[in-house]
Every structure is written in structure tokens, then in C-alpha cells.
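Q: Please take a close look at one part of this assembly, the contact between two of its chains, and set it within the rest of the structure. A connected account would be preferred to a list.

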Number of protein chains: 4
Amino acid sequence: MANRRASAPTRDLYAYWQVVSTRWRDNDIYGHVNNAVYYSYIDSVINGYMVEQEVLDPWGSEIIGIVVESHCQFFQSLRYPVLIDSGLRIEKLGTSSVLYEVGMFPQGEDRAAAVGGFTHVFVNRSNNRPVPIPGEVRAVLEKLQASRTER
Amino acid sequence: MANRRASAPTRDLYAYWQVVSTRWRDNDIYGHVNNAVYYSYIDSVINGYMVEQEVLDPWGSEIIGIVVESHCQFFQSLRYPVLIDSGLRIEKLGTSSVLYEVGMFPQGEDRAAAVGGFTHVFVNRSNNRPVPIPGEVRAVLEKLQASRTER
Amino acid sequence: MANRRASAPTRDLYAYWQVVSTRWRDNDIYGHVNNAVYYSYIDSVINGYMVEQEVLDPWGSEIIGIVVESHCQFFQSLRYPVLIDSGLRIEKLGTSSVLYEVGMFPQGEDRAAAVGGFTHVFVNRSNNRPVPIPGEVRAVLEKLQASRTER
Amino acid sequence: MANRRASAPTRDLYAYWQVVSTRWRDNDIYGHVNNAVYYSYIDSVINGYMVEQEVLDPWGSEIIGIVVESHCQFFQSLRYPVLIDSGLRIEKLGTSSVLYEVGMFPQGEDRAAAVGGFTHVFVNRSNNRPVPIPGEVRAVLEKLQASRTER
């Protein structure tokens with residue numbers, strides 16, 4: 001599982017970015033984005049990167065990533081209608097699994113309001129059995145590590 | 001209630017625009033955006049306009065719009081990770097109620113994939129009783145009508 | 001499209017029932033169930049009936065129902081943690097389409113808090129082309145009509 | 001943060017139970033309940049217990065629990081239209097915070113399909129500042145610990 005962060009991370013950790021628009025419904029009765037909703041942001045960014053890089057076709061890929069654990073820390077509330085800059089990095093890349101981390105930053109702020117992620121185990125879609133991460137997927141994941149290292 | 005449209009509307013009808021980012025979770029088991037999710041887009045655009053125009057403070061406004069009916073027509077499937085241009089217009093403006101219409105266009109397309117909306121009745125938040133639309137709210141709603149008429 | 005109801009319907013109209021548990025997240029910032037969420041209740045009840053009657057396998061059926069329009073009227077707020085009795089009836093059964101109506105009743109109340117529904121057009125999953133409603137599906141839908149007529 | 005479990009827990013760990021009905025929309029494009037949705041089950045059960053025990057009024061309570069971290073492990077897929085027995089226990093009770101654990105069991109099964117939870121920090125709603133857990137809330141939380149110890 002991921003290590004817990006002592007404080008809200010900064011933007012320089014993250015290699016790939018997407019803008020997430022919040023929705024009216026994201027705010028719960030306490031007037032801020034409900035904790036479950038952050039996980040919708042997280043898997044949109046992760047899968048979005050994979051689709052964009054053309055190593056995931058959600059409708060047809062035979063090998064897909066299945067979430068076996070997820071986690072999130074909340075440092076500050078977010079509130080619709082804020083726009084969120086979501087940054088992606090790889091925390092750990094194994095043989096058949098990968099641990100992603102996503103930092104969620106309100107536009108214009110340097111510190112993440114929340115940071116979370118999950119572990120994907122890659123499986124064969126037809127029988128749900130783990131497989132080694134395919135080479136082309138691994139190359140795309142390593143790009144995220146590389147871009148982080150360069151900094 | 002709104003009239004039913006015979007065919008997918010075009011972009012020129014709409015006066016105010018927002019970009020909505022779709023989410024992984026929006027796609028259901030059939031691989032396209034689930035019908036219920038379009039209503040999340042619709043009220044995000046409508047309330048977003050009101051917040052942006054500073055006539056709605058979701059945390060504090062004493063007079064708020066309550067949805068009494070909603071409806072949507074689906075002409076074409078949308079699929080995450082598409083970005084949606086959402087256009088807003090006013091279909092009917094009454095004394096204490098307003099009927100909005102939102103056209104949802106995949107970026108780069110001229111015809112709406114879906115068109116829907118709802119009727120807001122304005123009420124006093126504390127007792128839920130209908131009130132006439134406040135003057136400053138009405139002015140903001142009329143701007144949408146004006147911009148449409150100009151075309 | 002469905003006719004608009006002048007007042008909240010009663011329970012005797014509906015032939016098939018399911019209990020829907022509300023969720024914390026269903027309540028929005030105004031403290032009641034968000035309008036979009038009712039559509040999640042509606043398609044859970046409709047598809048649930050079809051799965052239960054064994055005429056729909058969401059993972060494999062070649063012929064599936066696609067939503068072409070949906071609509072809902074709201075008579076009274078619902079609030080988590082209420083349990084909702086959701087009743088289903090058929091409003092109109094055509095050659096390749098069906099219009100469903102779902103009444104949503106807080107447990108213990110005689111009048112629906114909301115009533116809505118949608119139109120399913122049956123299509124071939126592989127090419128998205130409309131097909132006549134298969135005989136076994138039609139038989140299951142007619143059961144709902146019959147049970148209503150008996151009353 | 002919570003300890004990671006080596007295997008799926010059994011039902012005897014949990015003290016309070018609720019039945020959660022899944023929804024059509026809970027299934028994502030891979031045909032099983034999306035990872036983010038489990039967190040909607042989790043906070044419905046936790047807050048539901050508090051409301052039922054009359055120590056939380058979501059619309060009015062001055063002292064409320066704010067989620068500062070959440071986490072979940074997934075042992076087995078769930079699929080709509082399954083009903084889920086959700087069990088609640090207290091993992092750790094501090095001065096102003098509590099760590100809950102929720103086990104989610106498909107009806108009829110002995111092993112949890114998923115287990116997750118979150119940490120609530122109790123705050124004053126008006127200024128968001130942490131406060132000691134009020135005595136009546138603590139008593140309600142301790143009931144969960146007691147019932148577990150008895151077994």
C-alpha cells in the first residue's frame with residue numbers, strides 16, 4: 001500500500017496533468033466535494049492517460065487493470081464549481097501491478113487539496129487471471145517515472 | 001413541460017457555454033454515458049451559470065431554485081473520455097419559475113448528442129415556499145434570452 | 001413522451017416493486033436527494049425487473065434496451081436515509097419500444113414523492129440497430145400490464 | 001491509517017449491519033461495481049448508524065465528522081443487482097477522531113468482497129476546527145466496540 005504523506009504535496013511531483021470539472025452533485029450536504037467522488041477523479045485521470053497513450057481500449061482491450069486497493073488523504077475541502085488540476089505519477093511499478101498516485105490541486109494553488117491513488121493488477125479480461133504488464137503498457141508507465149526523475 | 005424536439009439541435013441556439021469533462025465512471029456496462037449522468041451535466045451548467053453571475057451562493061442564498069420536473073432526449077451516445085460543450089438557453093421565463101434547456105455537444109460536432117433541461121421553481125430556503133424570481137436573478141436569466149434573440 | 005401527471009400518483013397503479021436504499025451521497029447541498037439521482041433509481045428498478053425475469057443478461061444479451069428519452073416529476077423531497085418503495089408499470093408497449101413509468105414512494109406513504117420513466121428502444125448490441133421486441137421480453141413486459149388491468 | 005488485511009474478513013467482526021441495494025449505474029464498463037462506488041456504501045453505513053442512533057442530524061448538527069483519509073481493499077468483484085450486507089466496526093477510537101471499518105458481503109457469502117473505511121475527525125461545523133468527540137457520540141461509538149468484544 002501507499003505510504004502516508006505528512007503534508008500536502010506540491011505540483012512538481014507529477015508528470016501528467018488533466019483538468020477535471022467538478023459537478024453540482026459532487027458537493028454533499030456539508031457543502032463540499034464528497035469523499036467518494038475523489039476516487040471518480042482518480043480513475044478518470046489514470047484511465048484517461050492510458051486511453052490517450054493508446055494502450056487501453058476500454059471497449060476491447062484483452063488485458064485490463066483491475067483495482068485491488070485504493071486510498072486517499074484529504075488536506076483541504078474542494079467545492080463545486082472549482083476546476084481541479086489532477087497530476088499523475090507512478091509510485092511503484094511491479095511485474096503485473098502498478099501503484100499510481102494522483103494529486104488534486106484547485107486551479108491556482110500550489111498545494112494539493114487531496115492526494116490518493118490505487119493499485120492496478122493487470123488481468124486477462126476473459127478469465128480475470130493476472131498477467132505480466134504488456135511491454136507497450138509498461139513503456140507508457142515508465143514515461144511517467146522518467147519525467148519525474150528528470151526534475 | 002418542454003416540447004419534444006424532432007431532431008438534434010445545433011449550437012447557434014445556445015447562449016452560455018461550459019466545458020464538461022466526462023469521467024470513467026460515467027460509462028455504464030453498455031460502454032456509453034449512463035442516462036442519469038446527463039442530468040448531472042445539466043444542473044452543473046445551469047447552477048454554474050448562476051454562481052458565475054453571482055446570483056447564487058449555494059451555501060448561503062436565501063432564495064434558491066428547486067427542480068420540479070426534468071427531461072432529456074438522447075440522439076447519440078457519448079463515451080468517456082470525450083469532452084462535452086454544454087450550451088444553455090432559457091425556454092420559458094415565468095413569474096416564479098424558469099424552464100432551461102441544455103444542449104450537449106461532443107467537442108468538434110455541430111449537432112447535440114443530447115438535449116434536456118428542467119424547471120426551477122424559486123423558493124424561500126427556510127420554508128420551501130415559492131417566491132417571485134428576484135430582480136437580479138431575472139436580469140441574469142434575461143441575458144440568456146437576449147443573446148439568443150440577437151441571432 | 002409520457003403525459004404529465006397533475007398530482008402525485010398512488011401505489012395501486014404499479015405492478016412490480018423494489019426497495020431502494022438511499023445513500024449519503026444522494027443528498028446534495030440543499031439537503032435532499034439530487035434530481036439526477038432519481039434516474040439512477042429508475043433504471044435500477046427497470047433493469048432489475050428484466051434481470052430477475054431472466055430476459056436480460058447485462059453482460060451478454062445480444063438485444064438490449066437503449067434509453068432514447070427520460071423524464072421525471074418531483075412532488076416532494078426525499079432525503080437520505082429514507083428507504084424508497086419503487087413501483088414499475090408499463091405506460092405504452094410498441095413494436096420495438098416501451099415506455100416505463102416508475103413511482104417512488106417513501107416507505108409508509110401513499111403518494112409518490114416522484115414519478116418518472118423512460119423509453120427503451122430495443123437494439124442489436126453489435127450494430128445498435130432497432131429490432132422488434134423479442135417474444136420472451138414482450139411476455140415479461142405484458143405481465144406488468146396484465147397485473148395492472150386486474151385491479 | 002488502517003492496517004492492511006491479508007485476507008477477506010468474516011462476518012463475526014462486525015457489530016452493526018445495513019443492507020445496501022446496488023444500482024444499475026454502479027457497474028462500470030468492465031461489468032462490475034466501480035471502485036469509487038464502494039466509498040458511497042461506506043459512508044452511507046457509517047452516517048446511517050449515527051443518524052439511527054440520533055447522534056447525527058445532517059441538516060443541523062453543530063459538530064460533524066469530516067473525512068481526513070479513506071481506504072479500501074477489494075477481494076472479489078460485486079455486480080449489480082446484488083444486495084450487500086454491510087457491517088460496521090470501530091478500529092480505533094481517539095480523542096477527536098475515529099477510524100471505522102466496513103466489511104461488504106454479498107448476501108449469502110461468509111467472506112467480505114471488500115473491506116474499507118475512513119477516519120472521521122470531529123469538527124465544529126461553523127469554523128471547521130477539531131473538537132473532542134462529544135460524550136453522547138462517544139457512547140454510541142463505544143457500543144460498536146463493546147458488541148465486538150463480547151464475541
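A: In this predicted model, 20 residues of chain D are in contact with 20 residues of chain A. On the side of chain D that touches chain A, helix 1 (35–52) and strand 2 (63–74) each supply at least two residues. Strand 2 of chain D gives the largest share of that side, namely nine residues. By class, the residues of the side of chain D that touches chain A comprise twelve nonpolar, five polar and three charged.

The contact is also one between strands. Strand 2 (residues 63–74) of chain A and strand 2 of chain D run antiparallel and are joined by five bridges. Within this pairing, His71(A) stands opposite His71(D).

The symmetry of the two copies can be stated as follows. A turn of 180°, with a shift of 0.0 Å along the axis, lays chain D on chain A with an RMSD of 0.0 Å. The two copies are thus related as by a two-fold rotation axis. The C-alpha of chain D nearest this axis belongs to His71(D), at 2.0 Å from it. Both copies use the same surface, in that 100% of the contact residues of chain D recur in chain A.

The pairing of the two strands 2 belongs to a sheet that spans both chains. This is an open sheet of ten strands with antiparallel pairing, in the order 1(A)-3(A)-4(A)-5(A)-2(A)-2(D)-5(D)-4(D)-3(D)-1(D). Its edge strands are strand 1 of chain A and strand 1 (16–21) of chain D, each of which pairs on one side only. On average, and with direction ignored, neighbouring strands of this sheet are turned by 25° against each other. One pairing inside chain A is that of strand 3 (residues 83–93) with strand 4 (residues 97–106), which run antiparallel and are joined by nine bridges. There, Lys92(A) has Leu99(A) of strand 4 of chain A as its bridge partner.

Chains B and C contain a sheet to be read in the same manner. Its ten strands form an open sheet with antiparallel pairing, in the order 1(B)-3(B)-4(B)-5(B)-2(B)-2(C)-5(C)-4(C)-3(C)-1(C). Strand 1 (16–21) of chain B and strand 1 (16–21) of chain C stand at the edges with a single partner strand each, so one side of each is left without a neighbour in the sheet. Neighbouring strands of this sheet are turned against each other by 25° on average, direction ignored. Within chain B, eleven bridges join strand 2 (residues 63–74) to strand 5 (residues 114–124), and the two run antiparallel. Ile66(B) has Val121(B) of strand 5 of chain B as its bridge partner.

Helices also meet between chains B and C. Helix 1 (residues 35–52) of chain B packs with helix 1 (residues 35–52) of chain C at an angle of about 175°, and their axes are 8 Å apart. That angle makes helix 1 of chain B roughly antiparallel to helix 1 of chain C. From helix 1 of chain B the contact draws on Asn35(B), Ala36(B), Tyr39(B), Ser40(B) and Asp43(B), and from helix 1 of chain C on Asn35(C), Ala36(C), Tyr39(C), Ser40(C) and Asp43(C). By class, this contact between the two helices has four nonpolar, four polar and two charged residues.

Chain A has a further contact, with chain B, which takes 17 residues from chain A and 17 residues from chain B. On the side of chain A that touches chain B, the elements that give two or more residues are strand 1 (16–21) and helix 1 (35–52) of chain A. Helix 1 of chain A provides the largest share of that side, six residues. The residues of the side of chain A that touches chain B divide by class into seven nonpolar, seven polar and three charged.

This pair of chains also has its own rotation. Chain A is superposed on chain B by a rotation of 180° with 0.0 Å of shift along its axis, at an RMSD of 0.0 Å. Ser21(A) is the residue of chain A that comes closest to the rotation axis, its C-alpha lying at 2.8 Å. Because 100% of the interface residues of chain A are also interface residues in chain B, the copies meet through the same surface.

Notes: Residues are numbered from 1 along each chain as its sequence is written. Chains are lettered from A and ligands numbered from 1 in the order in which they are written. This is a predicted model: local features need pLDDT of at least 70, side-chain atom pairs count only at pLDDT 80 or more; totals for chains, interfaces and linings use all residues. Copies are superposed by least squares on the C-alpha atoms of residues with pLDDT of at least 70 in both. Two residues are in contact if their C-beta atoms, placed from the backbone, lie within 7 Å. Axes are lines fitted to C-alpha atoms, for helices over the stretch in contact, and angles run from 0 to 180 degrees between N-to-C directions. Helices (H or I, at least four residues) and strands (E, at least two) are DSSP runs, numbered from the N terminus. Angles under 35 degrees count as roughly parallel, over 145 as roughly antiparallel, 65 to 115 as roughly perpendicular and the rest as oblique. Ala, Val, Leu, Ile, Met, Phe, Trp, Tyr, Cys and Pro count as nonpolar, Asp, Glu, Lys and Arg as charged, and the others, Gly among them, as polar. Two strands pair if DSSP finds at least two bridges between them.
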